[in-house]
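Hi,

Here is the structure I promised to pass on. Have a look at it first, and then read my notes underneath.

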Amino acid sequence: RSVKCAAKGTVRFYDFTSVAEIQMYNSSSELFEGYTKNIFLAFDQSVGTVLAVSLLNIIAFGLPLASVVWGLTLYSSSPAAAAISLASFLYTTFVQYRVRRQLEEDGRISSSLWWTHPLGALGLVSIAIISMVKGVTGIGWTWKGRPLRMPEGAA
């Protein structure tokens, strides 16, 4: 807290993964709690930004899967619509895979689990919405069971 106050509330994120390796969370519940306390603040406590990023994740990672389900239900009545739906799914899946491969080539992320991205997006959206609700309502966040003080100007 004293570091944040000395920096006048400015927090910056840097990638030091090439320098050090740390384990911040001992369990999935700690991971959830840690991300929940940080995401809304990382978006400058902007409801619009949280909703826009959430919608973008749903569109990018949820719609391709929804298009397959939609295509399968339409197959018997409209094979052309089903083919368009399947082509849309294949194209967006290919683009997502290529992005992950490019990130791997840049040395930033492995592409071996690229297909789990929709689950990660769903997790991010859930955590972001919960974090936003806690910030907007004034409920606030906790860390390792301790309530955290709301930042000035929040809620």
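Before anything else, one term: a residue is called buried when its relative accessible area is under 20%, and exposed when that area is over 50%, with partly exposed in between. Going by that, 23% of the 155 residues in the chain are buried. Do keep in mind that this is a predicted model.

**The overall layout**

You'll find five helices and two strands in the chain. Walking along the sequence, the order is α-α-α-α-α-β-β. As for how the chain comes together, take the contacts between residues at least 6 apart in sequence: 52% of them join residues at least 24 apart.

Most of what follows is about helix pairs. Two packed helices are described by the angle between their axes and the distance between the axes.

**α3 with α4**

Start with helix α3 (residues 47-74) and helix α4 (residues 79-105). They pack at an angle of about 155°, and their axes are 8 Å apart. Since angles over 145 degrees count as roughly antiparallel, that is the label for α3 and α4. Their crossing is left-handed. On the α3 side, the residues making the contact include Phe61, Leu65, Val68 and Trp70, while α4 brings, among others, Ala81, Ala82, Ser85 and Phe89. Sorted by class, this contact has 11 nonpolar residues, six polar ones and no charged ones.

A few more things about α4 itself. How far apart should its ends be? With 27 residues at 1.5 Å a residue, α4 should span 39 Å, and its end C-alpha atoms are 38 Å apart, which agrees. The buried residues in α4 are Ala81, Ala82, Ser85, Thr93, Gln96 and Arg100, and what covers them includes α3 and α5 (117-137). Ala87 also belongs to α4, but it counts as partly exposed because its relative accessibility is 44%. The C-alpha atom of Ala87 lies 9.8 Å from that of Pro64, and the two residues are 23 apart along the chain. After α4 comes Gly107, with a positive phi near 80°.

**α3 with α5**

α3 has another partner in α5. Here the axes come within 9 Å and cross at roughly 160°, so α3 and α5 are also roughly antiparallel to each other. This crossing is left-handed. Val47, Val50, Leu51, Ser54, Asn57, Ile58 and Phe61 are the α3 residues involved, and they meet a set in α5 that includes His117, Ala121, Leu124, Ala128 and Met132. The contact divides into 13 nonpolar residues, three polar and no charged.

**α2 with α5**

Now look at helix α2 (residues 28-42). Its axis and that of α5 come within 8 Å, crossing at roughly 65°, and the crossing is right-handed. Phe32, Tyr35, Thr36, Ile39 and Phe40 make the contact from α2, facing α5 residues such as Leu124, Ile127, Ala128 and Met132. By class there are 10 nonpolar residues, three polar and one charged.

With its 15 residues, α2 reaches 20 Å from first C-alpha to last, close to the 21 Å expected at 1.5 Å a residue. Which residues of α2 are buried? They are Glu30, Glu33, Gly34, Thr36, Lys37, Ile39 and Phe40, so the list takes in charged residues as well as nonpolar ones. The cover over them includes α3, α5 and β1 (142-143). Asp44 follows α2, and its phi is positive, near 55°.

**One residue to click on**

If you want a single place to zoom in, try Met132, which sits in helix α5. Is Met132 buried or exposed? Its relative accessible area is 9%, so Met132 is buried. Leaving aside neighbours within four places in sequence, Met132 is in contact with Phe40, Val47, Val50 and Leu51. Its C-alpha atom is also 8.0 Å from that of Ile39, a residue 93 places away along the chain. Met132 is listed in the contact of α2 with α5 and again in that of α3 with α5, which makes it a handy starting point for looking at both pairs.

Cheers

Methods. Residues are numbered from 1 along each chain as its sequence is written. This is a predicted model: local features need pLDDT of at least 70, side-chain atom pairs count only at pLDDT 80 or more; totals for chains, interfaces and linings use all residues. Side-chain values use heavy atoms; hydrogens and water are left out. Axes are lines fitted to C-alpha atoms, for helices over the stretch in contact, and angles run from 0 to 180 degrees between N-to-C directions. Helices (H or I, at least four residues) and strands (E, at least two) are DSSP runs, numbered from the N terminus. Angles under 35 degrees count as roughly parallel, over 145 as roughly antiparallel, 65 to 115 as roughly perpendicular and the rest as oblique. A crossing is left-handed if the near helix is turned anticlockwise from the far one by less than a right angle, and right-handed if clockwise. Contact means heavy atoms within 4.5 Å. The expected span of a helix is 1.5 Å times one less than its number of residues. Buried means under 20% relative accessible area, exposed over 50%, partly exposed in between (1.4 Å probe, protein chains only).
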